[in-house]
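Biologist: Could you take me on a close tour of the nonpolar core in this one? I'd like to know what builds it and what sits around it.

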Amino acid sequence: ASAGRQRYSPIIDAVAKREKLDPALVHAVVRAESGYNPQAVSPAGAVGLMQLMPGTAKRYGVDDSRDPVANVGGGARYLRDLLAMFDNRLELALAAYNAGEQTVIDYGWTIPPYPETQTYVRRVLAYYREQR
């Protein structure tokens with residue numbers, strides 16, 4: 001992951017700055033999602049550094065989710081939109097990034113009781129603290 005971090009840092013840092021996000025946060029999400037592997041594909045079909053689902057990629061104009069620049073751009077815009085949607089409550093935005101925004105809304109603006117999502121939020125927050 002450290003070689004990937006070094007390789008993709010310029011892209012992640014530039015995109016984070018453009019999207020007005022803390023680069024440490026975007027790095028934390030990339031680390032948790034793909035371990036800095038732009039070829040990563042999840043069992044659910046999420047692809048690339050920020051593990052965009054096909055519908056999310058389409059929504060954010062990402063034609064090739066394996067392209068690091070496009071993937072991080074789309075993922076960062078999605079993360080920024082989730083932060084705005086959930087009143088900058090980072091835990092809820094991260095839960096929505098993992099489980100979908102409607103799931104967080106359906107659970108009354110709380111982290112859904114899914115072990116995967118709860119673990120994901122803790123992991124990203126720990127990586128974020130490390131990065132800062």
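Modeller: Sure. In this predicted model, the largest nonpolar core counts 40 residues, and the ones touching the most other members are Leu25, Val26, Val29, Leu79, Leu94, Tyr97 and Tyr120. Five helices each put two or more residues into that core: α1 (2-18), α2, α4 (68-85), α5 (90-99) and α7 (115-131).

Let's start with α5, since two of those well-connected residues, Leu94 and Tyr97, are among its buried ones. Of the 10 residues in α5, 7 are buried, so the helix is largely enclosed by the rest of the structure. The buried set runs Leu90, Leu92, Ala93, Leu94, Ala95, Ala96 and Tyr97. Those residues pack against α2, α4, α6 (101-106) and α7. Right after the helix, Gly100 has a positive phi of about 100 degrees.

Leu90 is worth a stop of its own. This leucine belongs to α5 and has a relative accessibility of 18%, so it counts as buried, the cut-off being under 20%. Beyond its sequence neighbours within four places, Leu90 contacts Leu25, Leu83, Leu125 and Tyr128. Leu25 is one of the core residues with the most partners. You can also look across to Val121: it is 31 residues from Leu90 along the chain, yet their C-alpha atoms are separated by 9.0 Å.

Now swing over to Tyr120, another of the core residues that touch the most other members. Once you set aside neighbours within four places in sequence, its contacts are Val29, Ala32, Glu33, Leu94, Tyr97 and Asn98. Three of the names in that list, Val29, Leu94 and Tyr97, are themselves among the best-connected core members. Tyr97 has a ring story too: ring pairs join it with Tyr60 and Tyr78 into a cluster.

Next, α1. Its buried residues are Gly4, Tyr8, Ser9, Ile12, Val15 and Ala16, and they pack against α2 and α4. As a reminder, an α-helix has 3.6 residues a turn, so residues three or four places apart point the same way. With that in mind, have a look at how Tyr8, Ile12 and Ala16 line up among the buried residues. The helix is not straight, though: there's a bend of about 55 degrees at Tyr8, with Pro10 following within four residues. What does that do to the end-to-end span of α1? At 1.5 Å a residue, its 17 residues should span 24 Å, and the end C-alpha atoms are 23 Å apart, so the two agree. Just past the end of α1, Lys20 takes a positive phi of about 60 degrees.

From there, follow α2 to Ser34, which sits in that helix. Its relative accessibility is 12%, so this serine counts as buried. Apart from residues up to four places away in sequence, Ser34 touches Ala40, Gly48, Leu49 and Gln51.

That last partner is the one I'd zoom in on. Gln51 lies in the loop between α2 (23-34) and α3 (54-59). With a relative accessible area of 10%, Gln51 is buried because it falls under the 20% cut-off. Its side chain reaches the backbone oxygen of Gly48 at 2.8 Å. Ignoring neighbours within four places, Gln51 is in contact with Glu33, Ser34, Ala40, Val41, Ser42, Ala46 and Asn71. Glu33 should look familiar, as it is also on the contact list of Tyr120.

Finally, the rings. There are 4 aromatic pairs in the structure. One of them, Phe86 with Trp109, is edge-to-face, at 4.9 Å centre to centre and with 65 degrees between the planes. This pair ties together distant parts of the chain, 23 residues apart: Phe86 is in the loop between α4 and α5, while Trp109 is in the loop between α6 and α7. The two partners sit in unlike surroundings: Phe86 is buried, at 0% relative accessible area, whereas Trp109 is partly exposed at 30%. Another edge-to-face pair is Tyr107 with Tyr114, at 5.8 Å centre to centre and 85 degrees between the planes. Here Tyr107 is partly exposed at 37%, and Tyr114 is partly exposed too, at 36%.

Methods. Residues are numbered from 1 along each chain as its sequence is written. This is a predicted model: local features need pLDDT of at least 70, side-chain atom pairs count only at pLDDT 80 or more; totals for chains, interfaces and linings use all residues. Side-chain values use heavy atoms; hydrogens and water are left out. Buried means under 20% relative accessible area, exposed over 50%, partly exposed in between (1.4 Å probe, protein chains only). A polar contact is a pair of N or O atoms within 3.5 Å; within protein, one must be able to donate a hydrogen and the other to accept it, and residues adjacent in sequence count only if both atoms are side-chain atoms. Contact means heavy atoms within 4.5 Å. A nonpolar core is a set of buried Ala, Val, Leu, Ile, Met, Phe, Trp, Tyr and Cys residues joined through side-chain atoms within 4.5 Å. The expected span of a helix is 1.5 Å times one less than its number of residues. The bend at a residue is the angle between axes fitted to the seven residues ending there and the seven starting there. Rings of Phe, Tyr and Trp (its six-membered ring) pair if their centres lie within 6.5 Å; planes under 30 degrees apart count as stacked, over 60 as edge-to-face and the rest as tilted.
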